[in-house]
Amino acid sequence: MSDIYKEAGVDVHAGYEAVERMKKHINRTNRAEVLGGVGAFAGLFDLSAFRYDEPVLVSGTDGVGTKLKLAFELDRHDTVGIDLVAMCVNDVISQGADPLFFLDYIACGKNEPEKIEQIVKGIADGCVQSGAALIGGETAEMPGMYQTGEYDLAGFTVGIGNKPDLITGNTIEAGDVIIGMTSSGVHSNGFSLVRKIIADQHLSLTTHVDELGQTLGEALLEPTKIYVKAIQTLKTQVDIKGLSHITGGGFYENLPRAIPNGLGVAITKNSWPRLPIFEYLEKQTNQTFEDFLGVFNMGIGMAVMVAPHETTLVLDVLKDLGEEAYVIGEVTSSEGVTLVEG
């Protein structure tokens with residue numbers, strides 16, 4: 001039967017090999033609450049040890065987008081799994097919930113076990129960074145749907161929080177301070193524009209760029225930063241009123257998502273250091289910093305909203321955790337996102 005299926009383009013033996021290769025990476029993410037092992041029809045996670053008065057499950061799903069095209073071109077597949085996890089768990093922690101487990105979906109034209117292992121290694125790395133257990137997933141070999149060498153990734157995570165402790169933004173008011181936690185680079189949004197810039201300017205991913213200190217491809221494949229453990233520590237010491245994960249749509253779309261209707265934000269220009277990769281991309285276009293704020297994170301991956309008197313404590317806690325953070329603006333009584341001179 002498997003030979004007939006192989007003639008149709010699906011190699012089940014490659015699938016078995018890929019699963020065997022995954023196991024050591026999956027085991028690194030294990031938590032005590034995980035029941036069973038790899039290979040069951042569903043992933044099991046025991047919630048009986050969680051003692052919340054009002055437990056709420058918080059879920060998130062996302063992908064990596066066209067950043068994968070760069071991974072294909074450079075034949076580097078060990079970091080996009082981190083991106084996949086980051087895009088999901090950063091959303092969940094933004095609501096004040098702690099990620100519990102993660103599932104992945106890998107769709108490919110041809111199952112290449114070594115490549116699949118590298119992808120899953122990255123997913124496991126992201127799970128370790130966020131404390132989520134990798135409890136299941138699917139690798140779908142679909143000849144005719146994807147070109148050989150290409151694949152797509154999707155992920156899903158579930159977190160838990162106590163209802164009174166969730167971060168909803170409901171208590172945010174005008175005058176509250178916005179503190180930005182730095183990003184690691186472009187993260188996993190805006191890559192359709194990045195790829196257009198590369199094509200329009202005939203840039204090479206493998207060329208060393210002095211101002212970046214590495215090749216353009218290396219800078220662009222820098223994995224998305226995971227903020228889970230820093231936020232978990234911060235929320236035990238500070239009353240976090242709101243969190244905004246700066247993803248697709250940049251500042252203009254994501255900051256308003258974290259605040260109540262009727263309020264807005266004022267962002268202070270030049271209040272945080274510009275990452276070299278964004279300065280480099282700006283130079284290749286006729287777009288401005290303000291334009292890019294509507295697409296990219298521009299060096300700020302997570303925004304924390306707190307009362308003014310908490311500002312110094314937030315900065316001190318984050319510094320002790322090895323995080324770079326800056327006061328980048330404040331909440332205003334006028335809706336929308338405005339830029340002010342610093």
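**Note on the predicted model: helix packing, sheet and domain spans**

1. Helices α4 (residues 80-93) and α5 (residues 113-130) pack with their axes 6 Å apart and at an angle of about 40°. Because of that angle, α4 is classed as oblique to α5. The crossing of α4 over α5 is right-handed. On the α4 side the contact is formed by Gly81, Ile82, Leu84, Val85 and Val89. On the α5 side it involves Ile119, Gly122, Ile123, Asp125, Gly126, Cys127, Gln129 and Ser130. These statements, like those below, refer to a predicted model.

2. Gly122 deserves separate mention. This residue is part of helix α5 and belongs to the contact with α4. Its relative accessibility is 0%, so Gly122 counts as buried. Setting aside residues up to four places away in sequence, Gly122 touches Asp78, Gly81 and Ile82; Gly81 and Ile82 are also among the α4 residues in the helix-helix contact. Gly109 lies 13 residues from Gly122 along the chain, and the two C-alpha atoms are separated by 20 Å.

3. Two domain annotations come from the unreviewed UniProt entry. The record assigns "PurM-like N-terminal" to residues 53-160. In the model, that span is 37% helix and 36% strand, and its end C-alpha atoms are 12 Å apart. The record assigns "PurM-like C-terminal" to residues 173-339. For residues 173-339 the model gives 31% helix and 23% strand, with the end C-alpha atoms 19 Å apart.

4. The sheet to be noted is open and has six strands, in the order β10-β12-β7-β13-β11-β14, with mixed pairing. Its edge strands are β10 and β14 (336-340), each of which pairs on one side only. From one strand to the next the twist averages 25°. Within the sheet, β7 (residues 177-182) and β13 (residues 325-332) are paired in the antiparallel sense over five bridges. Ile178 stands opposite Gly329 of β13.

5. Helix α4 also relates to this sheet. It lies across β10 and β12 (300-306) and runs at about 165° to β10. Thus α4 has contacts recorded here with two kinds of element: the strands β10 and β12, and the helix α5.

6. Which residues does Thr247 contact beyond its neighbours within four places in sequence? They are Met87, Asp91, Asn189, Asn254, Arg257 and Val295. Thr247 itself is located in the loop between β10 (242-245) and α9 (250-257). With a relative accessibility of 10%, it falls under the 20% limit and therefore counts as buried. The loop thus follows β10, an edge strand of the sheet.

7. Is Tyr280 buried or exposed? Tyr280 is buried, since its relative accessible area is 10%. The residue sits in helix α10 (residues 276-283). Apart from residues up to four places away in sequence, Tyr280 touches Leu203, Val209, Glu211, Leu212 and Leu216. His187 is 93 residues from Tyr280 in sequence, and the C-alpha to C-alpha separation of the two is 15 Å.

Methods
Residues are numbered from 1 along each chain as its sequence is written. This is a predicted model: local features need pLDDT of at least 70, side-chain atom pairs count only at pLDDT 80 or more; totals for chains, interfaces and linings use all residues. Side-chain values use heavy atoms; hydrogens and water are left out. UniProt positions are given in the numbering used here, feature names are shortened, and annotations may be inferred rather than shown by experiment. Helices (H or I, at least four residues) and strands (E, at least two) are DSSP runs, numbered from the N terminus. Buried means under 20% relative accessible area, exposed over 50%, partly exposed in between (1.4 Å probe, protein chains only). Contact means heavy atoms within 4.5 Å. Two strands pair if DSSP finds at least two bridges between them. Axes are lines fitted to C-alpha atoms, for helices over the stretch in contact, and angles run from 0 to 180 degrees between N-to-C directions. Angles under 35 degrees count as roughly parallel, over 145 as roughly antiparallel, 65 to 115 as roughly perpendicular and the rest as oblique. A crossing is left-handed if the near helix is turned anticlockwise from the far one by less than a right angle, and right-handed if clockwise.
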